[in-house]
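Work through these short exercises with the structure open beside you. Each task is followed by a solution in steps.

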Amino acid sequence: MRQAESVDARCLLDLRLGAAFTRMQTLALQRQIAQLQDQSLISYGPCQFPTLGFVVSRYEQVQAFVPEQFWYLNLEYAPNQQKPEETTEFTWKRGRLFDQQVLATIYEYVLESTEAVVTKVTKKNVKKWKPLPLTTVELQKAGSRLLKMTPKKILDVAEKLYQEGYLSYPRTETDQFDPQFDHNHFVSKQVVDPNWGAFAASLQNGGFTVPRRGKKNDQAHPPIHPIAHAGNLVGDEKRVYEFVTRRYLASCSKDAEGFETTVDVEYGGEEFYATGLIVLARNYLDVYPYDKWGDKPLPDFQEGQRFPPDRCDAKDGQTTQPNLLTEADLVGLMDKNGIG
């Protein structure tokens, strides 16, 4: 009951603030700016203005940005000259320097060395976490970033799919399923699909794991998930349905598993490192192509091993200005600040 009353209070405040400030700024600005005199209303909203503030703030950051030049060292080892794809590129642990003279002094000293030595080899099992159950905000952000659709468009499509009985209610802040949720019922509906049906069947045959539990629960609706198979959709409806379904199946799968190797080397008194990865089990990645995680093999380095680097270059670059906000960025900022 208290939650319902808080929603009612929020609606009332939004209405009163919007009406009062819209009238005030319309009258005030029309008197001061001739171009606005033909405007019947200059709208104000408690969500509009702080959201606009995010856009303006980032724009001002971009306009005020002044690039800075920096310099860094790059070390390469190519054991097989016939296969350049097997070249190992080491990253300088200092990162970068903003003083060219200091970099030149370090570089000159480094080049006096003829061999690099492996100081440490670290090997460990790693995981790439499967995605959390899907909320409205994450659906909008993903739609903008992955499907190249506006947040409004993807939500409109999702609501249409909900009305047609294909998706659950798409307006939810919940990113955790109830422990009693019947996942098998919904997974079984996807077994007939020609694209991800085999994966859905594998979940029923031992591949299922309980979805991760996020930190949000609006106590009203479950995370967005498919509730019926849809094999005759086209266009944006097909793309949105496919994303939601693949996301749901991925959340019911296992984390991807890999084996990571980090090699630290010392060359000319400077420290460098390279990181390699071997994917051992793709698991959820088999149904969720939106995440990328691939093999990056390294030679079998041993601690104490010495080798002559094939290249050690001094390179330069420039700091880059921040990007203007995308719609996905804006939706994320609104959610983070409790707007909307």
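**Exercise 1. Place Gln302 in the fold and classify its exposure.**

Solution. Gln302 sits in the loop that joins strand 5 to strand 6 (306-307). Keep in mind that the model is predicted. Next, take the exposure. The relative accessibility of Gln302 is 42%, so the residue counts as partly exposed. The band for that class runs between 20% and 50%. Finally, look for a contact far off in sequence. Lys120 is 182 residues away from Gln302 along the chain, yet their C-alpha atoms are 7.9 Å apart.

**Exercise 2. Find what lines the second largest pocket.**

Solution. Start with the volume: the second largest pocket holds about 250 Å³ of space. Then list the lining. It has 14 residues, and Thr87, Thr88, Lys296, Pro297 and Leu298 lie nearest the pocket centre. Strand 2 (88-92) and strand 5 (270-281) are the elements that give two or more residues to this lining. Now sort the lining by class. Six residues are nonpolar, four are polar and four are charged.

**Exercise 3. Classify the ring pair Tyr166 and Tyr241, then the pair Phe181 and Phe186.**

Solution. A pair of aromatic rings is described by the distance of the centres and the angle of the planes. The model has 16 aromatic pairs. For Tyr166 and Tyr241, the centres are 6.3 Å apart and the planes meet at 75 degrees. Planes over 60 degrees apart count as edge-to-face, and this pair is edge-to-face.

Where do the two tyrosines lie in the chain? Tyr166 is in the loop between helix 5 (151-163) and helix 6 (183-188), while Tyr241 is in helix 8 (residues 235-251). The pair links distant parts of the chain, 75 residues apart. Check exposure next. Tyr166 has 18% relative accessibility, so it counts as buried. Tyr241 has 1%, so Tyr241 counts as buried too.

Now the phenylalanines. The ring centres of Phe181 and Phe186 are 5.3 Å apart with planes at 20 degrees, so this pair is stacked. Both Phe181 and Phe186 are buried.

**Exercise 4. Which residues form one aromatic cluster, and which ring has the charged end of Arg96 over it?**

Solution. The cluster consists of Tyr77, Phe90, Phe301 and Phe307. For the charge, go to Phe70. The charged end of Arg96 sits over the Phe70 ring, 4.6 Å from the ring centre.

**Exercise 5. Describe the largest nonpolar core and name its main contributor.**

Solution. In soluble globular proteins, nonpolar side chains tend to be buried together. The largest nonpolar core here has 40 residues. Within it, Val240, Phe243 and Leu249 touch the most other members. Then trace the sources. Helix 4 (136-145), helix 5, helix 6, helix 7 (197-207), helix 8 and strand 5 each supply at least two residues. Helix 8 gives the largest share, seven residues.

**Exercise 6. Locate Lys148 and Gln219, and say whether each is buried or exposed.**

Solution. Begin with the backbone. Most residues other than glycine have a negative phi. Lys148 has a positive phi of about 60 degrees, and Gln219 also has a positive phi of about 60 degrees. Now place them. Lys148 lies in the loop between helix 4 and helix 5, and Gln219 in the loop between helix 7 and helix 8. Last, exposure. Lys148 has a relative accessible area of 68%, so it is exposed. Gln219, at 66%, is exposed as well.

Methods:
Residues are numbered from 1 along each chain as its sequence is written. This is a predicted model: local features need pLDDT of at least 70, side-chain atom pairs count only at pLDDT 80 or more; totals for chains, interfaces and linings use all residues. Side-chain values use heavy atoms; hydrogens and water are left out. On a 1 Å grid over the protein atoms alone, a cavity is a set of points where a 1.4 Å probe fits but cannot get out, and a pocket is an open set with protein on both sides within 12 Å along at least five of seven lines; lining residues have an atom within 4 Å of a point. Grid points are joined across faces, edges and corners, and a volume is the space filled by probe spheres set on the points. Helices (H or I, at least four residues) and strands (E, at least two) are DSSP runs, numbered from the N terminus. Ala, Val, Leu, Ile, Met, Phe, Trp, Tyr, Cys and Pro count as nonpolar, Asp, Glu, Lys and Arg as charged, and the others, Gly among them, as polar. Rings of Phe, Tyr and Trp (its six-membered ring) pair if their centres lie within 6.5 Å; planes under 30 degrees apart count as stacked, over 60 as edge-to-face and the rest as tilted. Buried means under 20% relative accessible area, exposed over 50%, partly exposed in between (1.4 Å probe, protein chains only). A charge sits over a ring if NZ of Lys or CZ of Arg is within 6 Å of the ring centre and within 35 degrees of the ring normal. A nonpolar core is a set of buried Ala, Val, Leu, Ile, Met, Phe, Trp, Tyr and Cys residues joined through side-chain atoms within 4.5 Å.
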